[in-house]
Amino acid sequence: MFLHIERGSSTPISRQIAEQIAALCAAESLKVGDRLPSVRQLAHELTVNQNTVLRVYEKLAADGLLEMRHGEGTFVTGNASKRRFDKQRRQFIDELSLVIRRGVMLGMSPDEMRQLCDEAIEVNAALAAAGATTATSTGD
């Protein structure tokens, strides 16, 4: 499972993780029945506190997206609702607008910003493809 944490972001790490897991479910990259990495494993991969990952899993379980089975692991139980996906999409567009506004204020040209966006898309697509091939079969 590929997740990326923006350490300098104003968005809390726990929300970043939760939103990315929900988005992976909405995009059906994570399907019903898929096992998520253990709390310990994901915390180690993301270099975050285990309690952070545990709180995310518990919140998503309370939302009905995940099921935590004692001794077995954490599993996807349902796909994210369209409303949640739409909300995340709107948030992404708002954040992208802020980044573009910052680029304009720094005097960057539209072509320069497009080139930087294209490069970022290529890098992140490659990282996502590499992350999709990583096995995540260890349970809690």
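**Exercise 1. Find what covers the buried residues of α2.**

Solution.
Step 1: Place the helix. α2 spans residues 39–46. Helices are DSSP runs of H or I with at least four residues, strands are runs of E with at least two, and both are numbered from the N terminus.
Step 2: List its buried residues. They are V39, Q41, L42, A43 and L46. Buried means under 20% relative accessible area, exposed means over 50%, and partly exposed lies in between (1.4 Å probe, protein chains only).
Step 3: Look for the cover. It includes α1 and α3. Contact means heavy atoms within 4.5 Å.

Before going on, note the ground rules. This is a predicted model, in which local features need pLDDT of at least 70 and side-chain atom pairs count only at pLDDT 80 or more, while totals for chains, interfaces and linings use all residues. Residues are numbered from 1 along each chain as its sequence is written, and side-chain values use heavy atoms, with hydrogens and water left out.

**Exercise 2. Describe the largest nonpolar core and say which element gives the most to it.**

Solution.
Step 1: Define it. A nonpolar core is a set of buried Ala, Val, Leu, Ile, Met, Phe, Trp, Tyr and Cys residues joined through side-chain atoms within 4.5 Å.
Step 2: Count. The largest one holds 22 residues. M1, I17, I21, L36 and Y57 have the most contacts inside it.
Step 3: Assign elements. Two or more residues come from each of α1 (13–26), α2 (39–46) and α3 (50–62). The top contributor is α1, with five residues.

**Exercise 3. Write down the order of helices and strands in the chain.**

Solution.
Step 1: Count the elements. The chain has five helices and three strands.
Step 2: Read along the sequence. The pattern is α-β-α-α-β-β-α-α.
Step 3: Check the burial. Of the 140 residues, 28% count as buried.

**Exercise 4. Locate Q91 and decide: is it buried or exposed?**

Solution.
Step 1: Find its element. Q91 lies in helix α4 (residues 82–105).
Step 2: Read its accessibility. The relative accessible area of Q91 is 19%, so this residue counts as buried.
Step 3: List its contacts. Neighbours within four places in sequence are left aside; Q91 then touches T11, R15 and E19.

**Exercise 5. Compare the phi values and settings of E28 and T47.**

Solution.
Step 1: Recall the rule. Most residues other than glycine have a negative phi.
Step 2: Take E28. Its phi is near 60°, a positive value. E28 sits in the loop between α1 and β1 (35–36). At 45% relative accessibility, E28 is partly exposed.
Step 3: Take T47. Its phi is near 50°, also positive. T47 sits in the loop between α2 and α3. At 60% relative accessibility, T47 is exposed.

**Exercise 6. Search the whole structure for disulfides, then look at C25 and C117.**

Solution.
Step 1: Apply the cut-off. A disulfide is a pair of cysteine sulfur atoms within 2.5 Å.
Step 2: Search. The result is zero disulfides.
Step 3: Check two cysteines. C25 is buried at 0% relative accessible area. C117 is partly exposed at 35%.

**Exercise 7. Judge the confidence of the model.**

Solution.
Step 1: Know the scale. pLDDT is the predictor's confidence in each residue, from 0 to 100.
Step 2: Read the chain. The mean is 87, and 89% of residues reach 70 or more.
Step 3: Check residues 134–140. Their pLDDT stays under 50. The model has 23 contacts beyond four places in sequence for them.
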